[in-house]
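User: Hello! Could you take a close look at the strand pairing in this model, and then place it in its surroundings?

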Amino acid sequence: MKSAVVVFPGINRERDMMLALESVTGSRPVSVWHTETELPKVDLVVVPGGFSYGDYLRCGAIAARSPIMQDIRAKALKGLKVLGVCNGFQIITEAGLLPGVLVRNKDLRFVCRQVKLKVENNQTFFTNKVARGTIVSCPVAHGEGNYICDPETLKRLEGDNRVVFRYAENTNPNGALNDIAGIMNESGTVIGMMPHPENMIEPLHGRTDCRPLFESLLAA
Ligand SMILES: NC(=O)CC[C@H](N)C(=O)O
């Protein structure tokens with residue numbers, strides 16, 4: 001499984017993401033700088049978390065317009081798998097690969113804590129090794145993770161089983177609609193999520209709850 005991790009100025013989770021991908025898949029991801037115009041040949045692109053462009057304008061708004069995102073968007077529309085985590089979720093949503101928008105957390109504070117995450121759809125490239133309904137512990141660290149969309153979009157996301165992850169046990173840290181923590185596009189090839197599964201896979205992290213998510217990539 002060949003993967004690429006995209007790096008923008010201000011991104012700070014790329015190393016954690018690359019370590020997680022390498023540790024589970026056994027294959028070292030290629031690091032792709034934002035000014036590049038063409039992705040290497042890979043099976044999966046991950047847009048990691050952090051503070052691209054200092055979160056100016058809106059989180060992810062500037063990164064979404066960088067050269068590499070044009071190629072990612074074009075290839076995603078042809079079926080390339082894309083995973084966006086936290087700032088990466090914001091970036092791919094700003095790029096139009098996922099519907100809706102991530103706005104300021106409801107209480108206007110940056111949150112950094114563990115949440116409970118329910119796997120709502122286990123028929124995806126990032127959840128197929130986990131039973132549906134499984135609740136995992138996972139860290140979040142964001143200021144703009146409050147997912148909103150129009151009622152029609154929400155109805156479609158819920159009706160088509162495109163809510164992949166939901167905050168469970170009253171741990172919604174940001175006020176996101178319907179406790180939405182992660183969604184996918186219509187064809188299931190693009191997934192975005194606010195929590196950081198890459199930080200919950202080694203005994204040193206305290207727990208390994210999210211390792212099976214990465215293991216899912218091997219079966220996809
Ligand atoms: N950890 C992250 O990726 C944070 C994303 C973004 N900078 C925010 O605060 O919402």
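Analyst: Happy to. Of the 220 residues in the protein chain, 49% count as buried, meaning that 20 or more other C-beta atoms, placed from the backbone, lie within 10 Å of the residue's own; 12 or fewer make it exposed, and anything in between partly exposed. Please keep in mind that the model is predicted: local features need pLDDT of at least 70 and side-chain atom pairs count only at pLDDT 80 or more, while totals for chains, interfaces and linings use all residues. Residue numbers start from 1 along each chain as its sequence is written.

Five helices and 11 strands make up the secondary structure of the protein chain; they are DSSP runs numbered from the N terminus, with H or I over at least four residues for a helix and E over at least two for a strand.

Now to the part you asked about. Nine of the strands build an open sheet with mixed pairing, in the order β2-β1-β3-β4-β11-β10-β9-β6-β7; two strands pair if DSSP finds at least two bridges between them. The edges are β2 (30-33) and β7 (135-142), and because each has a single partner strand, one side of each lacks a neighbour in the sheet. From one strand to the next the twist averages 25°, with axes fitted to C-alpha atoms (for helices over the stretch in contact) and angles running from 0 to 180 degrees between N-to-C directions.

Let's start with β1 (residues 3-7), which runs parallel to β3 (residues 44-47) and is joined to it by three bridges. One pairing to look for is S3, whose bridge partner in β3 is L44. Helix α1 (residues 14-25) lies across β1, β2, β3 and β4 (81-85), at about 175° to β1. Helix α5 (residues 211-219) belongs in this picture too: its buried residues are P212, L213, F214 and L217, and they pack against α1 and β3.

Next comes β6 (residues 111-119), which has β9 and β7 on its two sides in the strand order. With β7 it pairs in the antiparallel sense over eight bridges, and with β9 (residues 163-168) it is also antiparallel, over four bridges. L117 shows both pairings: its bridge partner is V136 in β7 and Y167 in β9.

On the edge strand β7 you will find S137, which is partly exposed because 16 other C-beta atoms lie within 10 Å. Beyond its neighbours within four places in sequence, S137 is in contact with Q114, K116, M200, R207 and D209, contact being C-beta atoms, placed from the backbone, within 7 Å of each other.

Stepping back to the whole chain, residues 24 or more positions apart account for 75% of the contacts with a separation of 6 or more. Along its principal axes the C-alpha trace spans about 40 × 35 × 30 Å.

Lastly, the ligand: the residues surrounding it are G49, G50, F51, D55, C59, C86, N87, A141, H142, G143, E144 and G145, where near means a C-beta atom, placed from the backbone, within 6 Å. By class, this shell has four nonpolar, six polar and two charged residues; Ala, Val, Leu, Ile, Met, Phe, Trp, Tyr, Cys and Pro count as nonpolar, Asp, Glu, Lys and Arg as charged, and the others, Gly among them, as polar.

Methods. Two residues are in contact if their C-beta atoms, placed from the backbone, lie within 7 Å.
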